Amino acid sequence: MIRTKILGLGSYVPDRVVKNEEIAFLNDQHVRQETQQSETTDEWIQRRTGITERRYVPNESGLATSDLALQASKRALLDANLEPQDIDCIILGTLSPDLHFPGTAVFLQDKLGIASRGCACFDIRQQCSGFVYGLQMADAFIRTGMYKRILLVGAELHSHSLDFTTRGRDVMILFGDGAGAMVLGPMESDDPKSGVMYTSAHADGSGAMSLYLKIFDIAKLPYLQYDPRNREENQPMYPYMDGKRVFLNAVRGMVMSTNTALEKTGLTWDDINWFVPHQANLRINEKVAEVAKIPPEKILNSIQFYGNTTAATVPLTIDHWRQQGKVKRGDRILSSVFGSGFTWGATIFTL
Ligand code: COA
């Protein structure tokens with residue numbers, strides 16, 4: 001039977017490193033000031049989140065989310081030994097799209113130089129769960145024979161939509177820019193443990209207003225009702241987060257989906273090489289590991305270096321540790337994610 005194989009993996013982060021010590025001194029143009037712009041400290045950020053640094057696109061680079069996606073895609077294609085022309089479907093997860101519409105996948109398609117070929121382009125707007133949602137779609141498309149070479153990308157440019165004042169510090173310190181990509185294709189195999197073995201995707205829309213970025217309200221005329229320069233009014237430009245509620249639900253969703261993934265596949269932690277959780281907060285991942293009794297030596301995190309890159313965290317973390325020589329081709333990975341929506345899910349696959 002046809003099963004889904006991971007043909008290639010790649011990731012990209014911009015060169016600019018923003019350490020915790022620096023972030024408090026950045027203004028909204030990302031330029032370091034002499035005086036502190038927000039009240040936060042390296043000690044607070046590390047203790048509450050585990051983050052030490054994150055990456056931002058360079059100031060005035062003109063880069064968009066699709067440019068980060070492009071770099072990660074090129075690396076994944078190289079890893080798969082394929083050309084952009086081989087791709088017949090793009091699935092892109094992001095919460096920081098280039099524009100409100102059209103979707104970002106079409107910009108990526110054009111930047112890959114394959115627009116004239118007309119391949120299908122999908123945008124997944126499931127935030128931190130975007131990669132697992134996208135993988136479930138890709139797996140279904142490949143198993144049914146709908147597409148043969150799918151480029152699945154998670155890409156985020158967060159740094160342009162954060163509030164660099166004390167008002168926005170709880171969210172601002174968490175997020176970074178980056179992208180991760182996979183190329184997926186069919187293989188003939190009767191081994192149910194090969195390739196993409198399992199995916200699950202869930203949502204609870206009653207949590208939608210616990211983590212959101214409004215920007216506009218389409219129910220109103222005019223649909224933008226603030227002056228972006230007026231600090232009192234411009235809150236809708238920035239993400240809102242009920243941190244404690246998100247934290248609790250993230251632990252619950254990730255533990256539940258991790259345990260279900262093992263139950264449904266009949267696997268135990270002995271069968272899994274690596275647990276790669278979504279990278280939202282190291283304390284969330286520590287709690288998930290404790291409750292789900294995950295062997296600590298099997299857990300891979302990268303939030304220390306990149307912060308939360310939302311839809312990109314899973315492929316970025318795997319690729320980071322592959323580059324360090326830890327993760328190898330043929331390793332079996334269990335990944336669970338949680339994000340705004342609320343959305344969550346899990347997957348088990350062989351790299
Ligand atoms: N620096 C210093 N102090 C900060 C701060 C920062 N960057 N951000 C918040 N604080 C302050 C708060 O204002 C509060 O001050 P107060 O006690 O005077 O009111 C204090 O720290 C404690 O805030 P609290 O929100 O209770 O902290 P917390 O332990 O819940 O940690 C988060 C805050 C954001 C780190 C945590 O809630 C979290 O990680 N939530 C999940 C976030 C997440 O995963 N989002 C993405 C989901 S995919």
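This report describes the ligand site, the unusual backbone geometry and the salt bridges of a predicted model.

## The shell around the ligand

The ligand is surrounded by 24 residues, of which Thr 40, Arg 48, Arg 169, Lys 244 and Asn 281 come nearest. By character, the shell consists of 11 nonpolar, seven polar and six charged residues.

Five elements each supply at least two residues of this shell: the helices α2 (42–49), α6 (169–172), α7 (243–265) and α8 (282–291), and the strand β12 (332–339). The largest share, four residues, is that of α7. Two domains take part, since at least three shell residues are drawn from each of domain 1 (2–188) and domain 2 (196–211 + 240–350).

## Polar contacts with the ligand

Three of the nearest residues make side-chain contacts with the ligand that can be described atom by atom. In Thr 40, a side-chain N or O atom is 2.7 Å from a nitrogen atom of the ligand. Oxygen atoms of the ligand are involved in the other two contacts: one lies 2.9 Å from a polar side-chain atom of Arg 169, and an N or O atom in the side chain of Lys 244 is 2.3 Å from a ligand oxygen. The ligand would expose 960 Å² if taken alone, and the protein buries 73% of that area.

## Cis peptide bonds

Most peptide bonds are trans. Against that background, the bond joining Phe 101 and Pro 102 is cis, with omega about 0°. Pro 102 belongs to the loop between β4 (89–93) and α4 (104–111).

A cis bond also leads from Gly 341 to Phe 342, where omega is near -15°. Phe 342 is placed in the loop between β12 and β13 (343–350).

## Positive phi angles

Most residues other than glycine have a negative phi. Asn 81, which is not a glycine, has a positive phi near 60°. This residue sits in the loop between α3 (65–80) and β4. Its relative accessibility is 72%, so Asn 81 counts as exposed.

Thr 310 likewise is not a glycine and has a positive phi, of about 55°. Its position is in the loop between α9 (303–306) and α10 (313–323). Is Thr 310 buried or exposed? Thr 310 counts as buried, because its relative accessibility is 0%.

## Salt bridges

The model contains 13 salt bridges. One of them pairs Asp 163 with Arg 167 at an N to O distance of 2.9 Å. Asp 163 is buried, at a relative accessible area of 6%, whereas Arg 167 is partly exposed at 27%. Another joins the side chains of Asp 217 and Lys 214, with 4.0 Å from N to O. Here Asp 217 is partly exposed at 21% relative accessibility, and Lys 214 is partly exposed at 37%.

Arg 322 and Asp 319 form a further salt bridge, 3.2 Å from N to O. Why are these two residues separated by about one helical turn? The reason is that Arg 322 and Asp 319 are three residues apart in helix α10. Arg 322 is partly exposed, with a relative accessible area of 21%, while Asp 319 counts as buried at 4%. Both residues belong to a network of salt bridges that links Asp 79, Asp 319, Arg 322 and Arg 329.

How values were computed: Residues numbered from 1 in each chain as written. Predicted model: local features only at pLDDT ≥ 70, side-chain atom pairs only at ≥ 80, totals over all residues. Heavy atoms only, no water. Near = heavy atom within 4 Å. Polar contact = N/O pair within 3.5 Å; in protein donor to acceptor, adjacent residues only side chain to side chain. Areas by Shrake-Rupley, 256 points an atom, 1.4 Å probe, with all protein chains shown as cover. Nonpolar A, V, L, I, M, F, W, Y, C, P; charged D, E, K, R; others polar. Domains from an automatic or database assignment. Buried < 20%, exposed > 50% of the residue type's maximum accessible area, 1.4 Å probe, protein only.
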